[in-house]
Protein chains: 2
Amino acid sequence: MAQIINGNDMAQDIRKNLRNELLQFVAAGHREPHLTAIIVGEDPASKTYVEKKVLACKEIGISSKTIVLPKSTTQEELQRLIEQENKNENVNGILVQLPVPEHIDERTICNAISADKDVDGFNEINIGRLALDMECIVPATPLGVKTMLQRSNIQTFGRNVVVVGRSKNVSLPLAIILHSDGKHAAKGMDATVTICHRNTPAKELAKHCRQADILVVAVGKPGLITKDMVKPGACVIDVGISRIQDEAGKFKLVGDVDFDEVRQVAGHITPVPGGVGPMTVAMLMQNTILAAKKQISNRTD
Amino acid sequence: MAQIINGNDMAQDIRKNLRNELLQFVAAGHREPHLTAIIVGEDPASKTYVEKKVLACKEIGISSKTIVLPKSTTQEELQRLIEQENKNENVNGILVQLPVPEHIDERTICNAISADKDVDGFNEINIGRLALDMECIVPATPLGVKTMLQRSNIQTFGRNVVVVGRSKNVSLPLAIILHSDGKHAAKGMDATVTICHRNTPAKELAKHCRQADILVVAVGKPGLITKDMVKPGACVIDVGISRIQDEAGKFKLVGDVDFDEVRQVAGHITPVPGGVGPMTVAMLMQNTILAAKKQISNRTD
């Protein structure tokens with residue numbers, strides 16, 4: 001039976017460490033870091049996500065503000081607001097909760113956030129630096145997965161990793177981190193990496209997955225990964241999250257992996273909820289503190 | 001017996017098309033595009049590469065200049081020169097022939113070239129945009145491989161591709177292009193992609209390669225890919241290039257693939273020399289014309 005990687009416990013431990021790091025930072029005479037979160041529109045899921053992030057900020061001692069803009073906000077208005085926050089020396093991190101309404105170009109907005117305040121790591125410059133093994137702000141979910149693997153002592157060097165999904169915020173950064181050189185600034189993980197996606201034929205997907213020592217799934221399709229697709233002893237990281245109704249009509253959150261079945265063959269497995277999700281929030285906090293420190297050292301240079 | 005993909009013929013055809021495109025461009029009242037090539041030091045291979053590029057410019061009608069700097073040039077001097085060329089409206093493309101001497105940081109130099117004149121596509125912004133499926137300048141060698149596959153009618157959608165190597169100038173951009181979505185601005189190729197590298201165990205490398213419908217090798221290790229590692233009918237693209245001495249003491253250029261053996265099982269194969277190499281030069285020319293056109297349309301916007 002697989003060992004369950006408890007994301008809640010791990011994230012709590014990280015938040016505790018971050019809290020201590022922040023106390024030292026403030027004791028050294030620095031203002032507490034500040035995160036600005038922006039929501040456009042009334043999406044309830046977006047609100048919940050931002051509330052979780054704000055709560056984590058409070059617990060750690062990061063100051064934050066949430067700016068809620070009406071759905072009718074134009075792209076130019078949003079860009080002007082980001083520009084203000086970019087210029088504001090008291091703001092260390094900026095995030096725009098995705099998705100934005102359809103009339104706003106998400107990519108333009110991600111690129112509008114100054115690279116050194118881009119705590120989500122979605123700016124083209126941060127993604128470029130990640131691809132080039134340079135120091136950068138790494139997107140929170142991929143960084144969370146990397147941290148989970150490291151803290152669980154899962155070896156990646158020379159191992160076969162399969163990443164299912166090709167999203168730009170999760171799967172691609174993960175594939176970059178997992179395959180790249182551990183000796184470079186960004187400390188890659190030296191695995192052999194296969195990227196599967198919607199156009200990988202089902203039979204091929206199963207074959208690739210069965211060869212994986214580490215299987216990371218980030219698709220959003222409940223039940224996609226079944227027991228027969230998992231190599232005995234493999235580490236299975238489930239990044240998917242979907243809200244489904246069970247037989248009794250009750251809503252619940254599930255991942256992409258058939259957890260009850262797969263845990264019988266896997267060596268390690270992350271649950272949903274309580275797996276990657278809390279790690280993402282913890283990594284966002286880590287990025288915000290990192291950004292604040294980096295901004296200070298850039299000013300002193 | 002594999003069909004040989006003739007890179008010389010293909011590149012010549014592309015250069016002919018580019019020549020016509022350029023004639024139309026000049027006939028429309030535009031100045032011919034200008035490429036500045038910079039070499040630091042006396043590396044004979046670098047000189048040869050730049051000479052080939054300058055020759056291709058001449059043939060197509062791109063104006064060019066080569067600036068040869070002494071090996072003792074400081075990083076700051078090189079950056080100042082790049083800055084001048086960035087500002088010069090008569091210069092459309094800038095390339096610094098790699099490698100640069102050890103006292104100069106290659107990455108800083110690649111990032112110093114303005115993204116819109118970065119015809120090598122090595123700037124962090126261009127790599128970031130490539131990773132994000134945005135329009136950008138794509139590095140010439142990966143673009144050459146993409147073009148070779150397309151022009152040879154090799155299907156990539158849903159196929160297994162193995163890329164051996166993880167260089168930032170060739171393998172990683174290729175893996176990005178090959179796995180990404182064909183419906184996006186950058187027109188990915190929708191393949192399932194596996195990235196193998198020096199830390200992939202030999203046995204695993206062989207296994208992955210044997211599953212590849214398309215095998216791209218960019219390592220620089222003569223004889224790395226042998227017949228038993230290739231799936232019958234696969235398309236084998238050899239990006240490697242090494243100068244070795246044969247039994248008679250004569251120097252010759254070879255790729256990473258055991259050509260004579262592998263051609264017996266492969267469906268398509270590229271030779272070395274005369275495969276990817278000439279395509280790289282042709283794609284650099286294409287990038288230079290593209291950059292010039294883009295700069296004009298940006299000025300008119």
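## Exercises on a predicted two-chain model

In chain A, helix α1 (residues 7-27) packs against helix α6 (residues 140-151) at an angle of about 100°, and their axes are 11 Å apart. Keep in mind that this is a predicted model.

**Exercise 1. Work out how α1(A) is oriented to α6(A), and which residues make the contact.**

Solution. Start with the angle of about 100° between the two helices. Angles of 65 to 115 degrees count as roughly perpendicular, so α1(A) is roughly perpendicular to α6(A). Next, find the residues. On the α1(A) side, the contact uses A:Gly7, A:Met10, A:Asp13, A:Ile14 and A:Asn17. On the α6(A) side, look for A:Thr147, A:Met148 and A:Arg151. Finally, sort them by class: the contact has 3 nonpolar, 3 polar and 2 charged residues.

**Exercise 2. Lay out the open sheet of chain A and find its edge strands.**

Solution. Begin with the strand order, which is β3-β2-β4 for this open sheet of 3 strands, with parallel pairing. Then check the ends: β3 (63-69) and β4 (93-96) of chain A each have a single partner strand, so one side of each is left without a neighbour in the sheet. From one strand to the next, the twist averages 15°.

Now zoom in on one pair. Strand β2 (residues 34-40) of chain A runs parallel to β3(A), and 7 bridges join them. One place to look is A:Leu35, whose bridge partner in β3(A) is A:Ser64. Last, add the helix: α3 (residues 75-87) of chain A lies across β2, β3 and β4 of that chain and runs at about 180° to β2(A).

**Exercise 3. Follow strand β4 of chain B: which way do its residues point, and are they buried or exposed?**

Solution. Take β4 (residues 93-96) of chain B residue by residue. B:Gly93 and B:Leu95 point one way, while B:Ile94 and B:Val96 point the other way. All of these are buried, and buried here means under 20% relative accessible area. For the neighbour, go to strand β2 (residues 34-40) of chain B, which runs parallel to β4(B) and is joined to it by 4 bridges. Opposite B:Leu95 stands B:Ala37.

**Exercise 4. Track down the cis peptide bonds at B:Pro99 and B:Pro273, and the positive phi values at A:Lys187 and B:Lys187.**

Solution. First, the background: most residues other than glycine have a negative phi, and most peptide bonds are trans.

- B:Leu98 and B:Pro99 are joined by a cis peptide bond with omega of about -5°. B:Pro99 sits in the loop between β4 and α4 (106-112) of chain B.
- The bond between B:Val272 and B:Pro273 is also cis, and its omega is about 0°. For B:Pro273, go to the loop between β11 (268-269) and α10 (276-300) of chain B.
- A:Lys187 has a positive phi, near 50°. Its loop runs between α7 (171-179) and β6 (192-196) of chain A, and the residue is exposed, with a relative accessible area of 52%.
- For B:Lys187, phi is near 50° too. Look in the loop between α7 (171-179) and β6 (192-196) of chain B; B:Lys187 is exposed at 52% relative accessible area.

**Exercise 5. Work out what relation links chain A to chain B.**

Solution. Superpose chain A on chain B: a turn of 180° and a shift of 0.0 Å along the axis give an RMSD of 0.0 Å. That is the relation of a two-fold axis. Then compare the interfaces. Of the interface residues of chain A, 100% are also interface residues in chain B, so the copies meet through the same surface.

Notes. Residues are numbered from 1 along each chain as its sequence is written. Chains are lettered from A and ligands numbered from 1 in the order in which they are written. This is a predicted model: local features need pLDDT of at least 70, side-chain atom pairs count only at pLDDT 80 or more; totals for chains, interfaces and linings use all residues. Side-chain values use heavy atoms; hydrogens and water are left out. Axes are lines fitted to C-alpha atoms, for helices over the stretch in contact, and angles run from 0 to 180 degrees between N-to-C directions. Angles under 35 degrees count as roughly parallel, over 145 as roughly antiparallel, 65 to 115 as roughly perpendicular and the rest as oblique. Contact means heavy atoms within 4.5 Å. Ala, Val, Leu, Ile, Met, Phe, Trp, Tyr, Cys and Pro count as nonpolar, Asp, Glu, Lys and Arg as charged, and the others, Gly among them, as polar. Buried means under 20% relative accessible area, exposed over 50%, partly exposed in between (1.4 Å probe, protein chains only). Two strands pair if DSSP finds at least two bridges between them. Copies are superposed by least squares on the C-alpha atoms of residues with pLDDT of at least 70 in both.
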